[in-house]
Amino acid sequence: MKRILVCVKRVIDFNVRVRVKPDGSGVVTDGVKLSLNPFDEIALEEALRIKERGEAQEVVAVTIGPADCQQQLRTALAMGADRAIHVVHDGGVEPLTAARAFLQIIGREQPFLVLLGKQAIDDDNNQTGQMLAALWQRPQATFASKLELAGTTACVTREVDAGLETLEVDLPAVVTADLRLNEPRYVKLPDIMKAKKKPLDSVSLADLGVVPGARVRTVRTEPPAQRQRGIMVKDCGELVAELRKRGVL
Amino acid sequence: MAKVLVVAEHDGAKLNAGTAKCVRCALGLEGAEITVAVFAADGAAVAAEAAGLTGVARVLRVDRPENAHALAAVLAPQVAQLAAPFSHVFGPSTTFGKDLMPRVAALLDAPQLSDVMAVESASRFRRPTYAGNAIVTVEVEAGLKIVATVRTASFEATPAGGAAAVESVAVNVPLPAHTRFAGVSAAKSDRPDLQSATRVVSGGRALGSAENFKLIYGLADRLGAAVGASRAAVDAGFAASDLQVGQTGKIIAPELYVAIGISGAIQHLTGIKDARTIVAINKDAEAPIFEVADVGLVGDLFAIVPELEKLLTA
Ligand SMILES: Cc1cc2nc3c(=O)[nH]c(=O)nc-3n(C[C@H](O)[C@H](O)[C@H](O)COP(=O)(O)OP(=O)(O)OC[C@H]3O[C@@H](n4cnc5c(N)ncnc54)[C@H](O)[C@@H]3O)c2cc1C
Ligand SMILES: Nc1ncnc2c1ncn2[C@@H]1O[C@H](COP(=O)(O)O)[C@@H](O)[C@H]1O
């Protein structure tokens with residue numbers, strides 16, 4: 001079966017104004033809206049489109065997280081994933097641990113393509129896809145804005161600092177999604193009902209033989225230095241004069 | 001004592017400014033001994049430039065035809081091989097470094113710290129999370145090799161003026177052929193580069209069309225500035241994707257940043273927090289961009305920008 005594996009992470013919704021706890025122990029998560037990482041939604045959407053074109057037969061979504069992140073896996077199923085795998089783990093995992101767990105899932109599922117988001121917008125690490133590709137010893141195409149399959153290879157356009165780069169990679173491969181790869185579909189109510197009946201398997205990191213690393217400890221969390229609100233000018237003349245005065249023109 | 005390997009970013013002919021910023025970051029480690037590695041098909045010019053960076057002790061030049069294009073899958077095993085005697089391996093937090101360094105870290109079984117913005121000790125660093133809304137101080141377990149990408153907007157480039165020795169080294173590791181470079185389309189322009197420019201003029205959704213976006217180019221040219229754009233402007237096709245400024249675009253720290261018709265979404269502000277002077281032009285006095293702007297002007301950009309251009313020409 002031609003299968004695509006998509007890694008989806010639950011994060012604080014991108015619309016939430018994240019606040020640091022006063023005691024510096026982390027960010028406020030109580031009562032805060034949680035969603036699928038936006039880049040992962042894009043990765044999933046791409047997998048669904050590939051399947052809809054007939055270039056894959058099954059889309060499997062996988063997440064690593066605590067028991068209650070099944071809700072986001074149900075969202076992935078409602079979007080159109082055929083099955084979901086929940087790697088149950090309380091607390092965060094380091095990217096290398098996540099990559100190790102995904103490698104084990106790959107061993108079981110044998111996908112020809114693994115899609116991830118380019119970064120999770122909580123820790124902003126931007127590491128997991130690259131690490132997974134290294135451990136799997138397969139190609140990686142990060143920051144993808146276009147993905148075309150052609151038999152045993154894929155052609156991927158990447159958003160790099162210099163412009164748009166195109167890579168040709170042999171399959172299987174790891175591709176990480178950038179914002180402009182596609183626009184994810186909205187989930188409709190009947191899909192949510194259907195998703196309840198789709199298979200969702202749970203495993204633990206231990207079942208996968210993965211020992212979570214805790215090699216990077218967060219000592220302190222602080223709000224960023226705030227910029228001061230500046231002055232308002234009333235016209236172009238004042239603006240130019242002000243900038244000259246400040247020595248920036 | 002910290003032994004730091006900095007992976008150079010370059011285009012085959014010239015060093016990218018990010019490399020000198022990595023060196024500056026590495027100099028923040030006590031007693032750092034800094035080696036720059038240049039992977040290229042022919043790295044003579046780039047290695048010479050790297051050798052001239054103040055603070056660099058040694059340059060390792062690895063020439064292989066496979067290194068003609070920076071492919072992470074091809075470079076990572078070479079970097080990992082060279083990294084053996086080093087305590088730290090740094091690369092810039094550009095698309096080059098973000099692509100490559102995690103692959104290196106996985107091969108080394110080392111943790112990676114992304115977007116390092118400050119050095120507190122050889123094992124303690126600060127980095128942004130949540131689009132810059134929470135700054136974390138992280139401590140890496142003692143005795144581990146540390147791989148990191150350096151947030152280039154947080155460090156000044158180390159100046160030229162050094163004279164390190166360049167050594168050609170052979171790295172004999174098998175390289176994969178499963179990943180092939182097929183091309184790059186870069187909008188060639190004579191304007192300053194967005195990431196290193198001292199002045200940047202950016203346009204947002206308010207410009208309304210690619211045609212209107214030329215207003216931004218006009219003003220930028222007047223100021224000798226690079227051009228940037230919000231995601232909304234890029235998504236709408238007004239500007240090329242490599243001009244996007246923000247959390248998922250470029251993080252920049254120019255002397256002057258002019259935001260025109262940009263609301264100031266958190267993801268955009270993340271990219272400009274370190275700019276020295278931020279100017280905002282927006283018709284909505286309540287736009288969040290004004291909360292961070294040093295100088296704000298409320299009004300219609302289609303009237304203001306042409307007038308500004310005139311004033312700056314006069
Ligand atoms: C995961 C994620 C990552 C993102 N990454 C980025 C990123 O890297 N960079 C980025 O920019 N965005 C990013 N965004 C998008 C961001 O949230 C905003 O949607 C985007 O920045 C809005 O762009 P804008 O300010 O141009 O458009 P708008 O928010 O629509 O603002 C347009 C502004 O123009 C003003 N205006 C309208 N007409 C005129 C006129 N005639 N004269 C003057 N002013 C006028 C309006 O008052 C308004 O303030 C990201 C979003 C997500 C979810
Ligand atoms: N705990 C997780 N569960 C599922 N996917 C994850 C997890 N952590 C990381 N990923 C995937 O890896 C991508 C990059 O994450 P990161 O390296 O943490 O920025 C995310 O967009 C997800 O696709």
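This passage describes how chain A and chain B meet in a predicted model, and then turns to the strands and some local features. Residues are numbered from 1 along each chain as its sequence is written, while chains are lettered from A and ligands numbered from 1 in the order in which they are written. Because the model is predicted, local features need pLDDT of at least 70 and side-chain atom pairs count only at pLDDT 80 or more, whereas totals for chains, interfaces and linings use all residues; side-chain values use heavy atoms, with hydrogens and water left out.

A good place to begin is the interface. Chain A gives 75 residues to the contact and chain B gives 85 residues, where contact means heavy atoms within 4.5 Å. The area buried between the two chains is about 6800 Å², and carbon and sulfur atoms give 52% of it; buried area is the accessible area (1.4 Å probe) that two parts lose on being put together, summed over both. In chain A, the residues that lose the most area to chain B are A:D161, A:R215 and A:R227, which together make up 13% of what that side buries.

Polar and charged pairs also cross this interface. The rule finds 44 residue pairs in polar contact between chain A and chain B, both residues being at pLDDT 80 or more. A polar contact is a pair of N or O atoms within 3.5 Å; within protein, one must be able to donate a hydrogen and the other to accept it, and residues adjacent in sequence count only if both atoms are side-chain atoms. On the side of chain A that touches chain B, the elements that give two or more residues are α3 (95-109), α4 (128-136), β7 (140-150), β8 (153-160), β9 (163-170), β12 (216-222), β13 (231-233) and α6 (236-245). Helices (H or I, at least four residues) and strands (E, at least two) are DSSP runs, numbered from the N terminus. The largest share of this side, 8 residues, comes from β9(A). By class, the residues of this side of chain A divide into 34 nonpolar, 16 polar and 25 charged; Ala, Val, Leu, Ile, Met, Phe, Trp, Tyr, Cys and Pro count as nonpolar, Asp, Glu, Lys and Arg as charged, and the others, Gly among them, as polar.

Salt bridges are defined by a side-chain nitrogen of Lys or Arg within 4 Å of a carboxyl oxygen of Asp or Glu. The structure holds 42 of them over all chains, and 9 are found across the interface of chain A and chain B. In one salt bridge, the side chains of B:D99 and A:R158 meet at 3.5 Å, N to O. Within chain A, A:E159 and A:R180 form a salt bridge whose closest N and O atoms are 2.9 Å apart. That pair links distant parts of the chain, with A:E159 in strand β8 and A:R180 in the loop between β10 (173-177) and α5 (189-195), 21 residues apart.

Strand pairing, which requires at least two DSSP bridges between two strands, also joins the chains. β12(A) and strand β8 (residues 134-140) of chain B run antiparallel and are joined by 6 bridges, with A:T218 having B:V138 as its bridge partner. An open sheet of 4 strands follows the order β12(A)-β8(B)-β7(B)-β6(B), with antiparallel pairing. Its edge strands, each pairing on one side only, are β12 of chain A and β6 (118-119) of chain B. Over 2 bridges, β6(B) pairs in the antiparallel sense with strand β7 (residues 124-129) of chain B, and B:A118 stands opposite B:R126.

A parallel arrangement appears elsewhere: 3 bridges join β13(A) to strand β16 (residues 295-298) of chain B, where A:V233 has B:L297 as its bridge partner. Strand β15 (residues 277-282) of chain B also pairs with β16(B) in the parallel sense, over 4 bridges, and B:L297 is the bridge partner of B:I281 as well.

Returning to β12(A), A:R217 is found in this strand. Leaving aside neighbours within four places in sequence, A:R217 is in contact with B:R124, B:T137, B:V138 and B:E139.

Two backbone details of chain A complete the picture. A cis peptide bond, with omega about 0 degrees, joins A:L171 and A:P172, and A:P172 lies in the loop between β9 and β10. A:N126, in the loop between β6 (113-117) and α4, has a positive phi near 55 degrees in a residue other than glycine.
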